[in-house]
Amino acid sequence: MTHFNFQDQHTCRATLKIIKPLLEKLRDVEYVQRTMITDLGVKSNERISLRNDKKNQVEDEYECEVCSANLYVSFLCDVKEDTYFCLEHAIEYLQKAKQQQKRACKLLFTHSKEEISSLIKIVNQRIQEPDDTSSDSSGLYLFRY
Ligand SMILES: [Zn+2]
């Protein structure tokens, strides 16, 4: 996933319109899957920051053990086995896991559900900003993309 700067005045509205449904889907999927993971017995979760680990290259990227997807928003870590899973495969893993294994698992996330929701709000506001007010330069920016 690319990191978008939503605060950037010049982010193209067309881009935002593409991002919006993706973010909404992400929010819904995250909500359902995180709830399922909690219901499956994972009680601990921890916020992590991927960006502050620049010096720590090895720790910088996480891949799903099953599908090798790069993990950014949230994922499961089996602390004991030192393995990582995307939410989808975390659910499969937990469904087969023993109670003891589940206790070693932790949900890691970079964005809370609330933060994803507030991103969507920002995107919505930006999309709904009138075209012709504010300034001419913002209009020009749209044509440059
Ligand atoms: Zn996976």
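**View 1. Four strands side by side in an open sheet.** In this predicted model, the sheet runs in the order β1-β6-β4-β5, with mixed pairing. At its edges sit β1 (45-47) and β5 (83-85), each with a partner on one side only. Going from one strand to the next, the twist averages 30°.

**View 2. Where β4 meets β5.** Zoom in on strand β4 (residues 74-78) and you'll find three bridges tying it to β5, the two running antiparallel. Look for Cys 77, which stands opposite Tyr 84 in β5.

**View 3. A helix laid over the strands.** Helix α3 (residues 87-96) lies across β4, β5 and β6 (105-109). Its direction is at about 35° to that of β4.

**View 4. Helix α1 against helix α5.** Here α1 (residues 13-39) and α5 (residues 113-128) have axes that come within 9 Å and cross at roughly 155°. That angle is over 145°, so the two helices count as roughly antiparallel. The crossing of α1 past α5 is left-handed.

**View 5. The side of α1 that touches α5, residue by residue.** From α1, the residues taking part include Leu 16, Ile 19, Leu 23 and Tyr 31. Among those they meet in α5 are Ile 116, Leu 119, Ile 120 and Val 123. Charged residues join in too, including Arg 13 and Glu 30 in α1 and Lys 113 and Arg 126 in α5. The full contact breaks down into ten nonpolar, two polar and eight charged residues.

**View 6. Stepping back to the whole chain.** The protein chain has six helices and six strands, and 16% of its 145 residues count as buried.

Conventions:
Residues are numbered from 1 along each chain as its sequence is written. This is a predicted model: local features need pLDDT of at least 70, side-chain atom pairs count only at pLDDT 80 or more; totals for chains, interfaces and linings use all residues. A residue is buried if 20 or more other C-beta atoms lie within 10 Å of its own, exposed if 12 or fewer, and partly exposed in between; C-beta atoms are placed from the backbone. Axes are lines fitted to C-alpha atoms, for helices over the stretch in contact, and angles run from 0 to 180 degrees between N-to-C directions. Angles under 35 degrees count as roughly parallel, over 145 as roughly antiparallel, 65 to 115 as roughly perpendicular and the rest as oblique. A crossing is left-handed if the near helix is turned anticlockwise from the far one by less than a right angle, and right-handed if clockwise. Two residues are in contact if their C-beta atoms, placed from the backbone, lie within 7 Å. Two strands pair if DSSP finds at least two bridges between them.
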